[in-house]
Amino acid sequence: MADNSSKEGSHPTEDQKKAMYENLSPEQKQKQTYTEWVKDAYSNQYENWMPWIEDKYLAWFGTDNKASYATK
């Protein structure tokens, strides 16, 4: 199965997410349900992307960058 999740602009399908979860070790599966695992993956992606989104928002709609905006 080709992994298209690393390509820019593509998102893993629900079936791909389930396949990733099924490939986890039994110990990892015992620690988290599929739903908990997806929530963690979403949170990690949010933390990775949010700084970039904030920078772009300020660049497009503001006159400040994030550092100067935060000090106001």
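**View 1. Gln 16 is a buried residue of the predicted model.** With a relative accessibility of 16%, Gln 16 counts as buried, because buried means under 20% relative accessible area, exposed over 50%, and partly exposed in between (1.4 Å probe, protein chains only). Gln 16 sits in helix H1 (residues 14-22). Helices here are DSSP runs (H or I, at least four residues), strands likewise (E, at least two), numbered from the N terminus. A polar atom of the Gln 16 side chain lies 2.7 Å from the backbone nitrogen of Thr 13. This is a predicted model: local features need pLDDT of at least 70, side-chain atom pairs count only at pLDDT 80 or more, and totals for chains, interfaces and linings use all residues. Residues are numbered from 1 along each chain as its sequence is written, and side-chain values use heavy atoms, with hydrogens and water left out.

**View 2. Glu 14 and Lys 17 form a salt bridge in helix H1.** Their closest N and O atoms are 4.0 Å apart. A salt bridge is a side-chain nitrogen of Lys or Arg within 4 Å of a carboxyl oxygen of Asp or Glu. By this rule the count is one. The partners are three residues apart, about one turn of the helix. Glu 14 is partly exposed, at 41% relative accessible area. Lys 17 is partly exposed too, at 25%.

**View 3. Trp 49, Trp 52 and Ile 53 make a nonpolar surface patch.** Together they have about 320 Å² of accessible area (Shrake-Rupley method, 1.4 Å probe; for residues, only the protein chains shown count as cover). Patch residues have over 30% relative accessible area and no salt bridge; like charges are joined within 9 Å, nonpolar side chains (Val, Leu, Ile, Met, Phe, Trp, Tyr) within 5 Å. Trp 49 belongs to helix H3. At 43% relative accessibility, Trp 49 counts as partly exposed.

**View 4. The chain has four helices and zero strands.** Along the sequence the pattern reads α-α-α-α. Of its 72 residues, 10% count as buried. The chain exposes about 6,400 Å², and carbon and sulfur atoms supply 54% of that area.

**View 5. Confidence varies along the chain.** pLDDT is the predictor's confidence in each residue, from 0 to 100. The chain mean is 77, and 75% of residues reach 70 or more. Among the elements, helix H3 (residues 34-61) has the highest mean, 87, and helix H4 (residues 66-71) the lowest, 67. Over residues 1-8, pLDDT stays under 50. For that stretch the model has six contacts beyond four places in sequence (contact: heavy atoms within 4.5 Å).

How values were computed: Polar contact = N/O pair within 3.5 Å; in protein donor to acceptor, adjacent residues only side chain to side chain.
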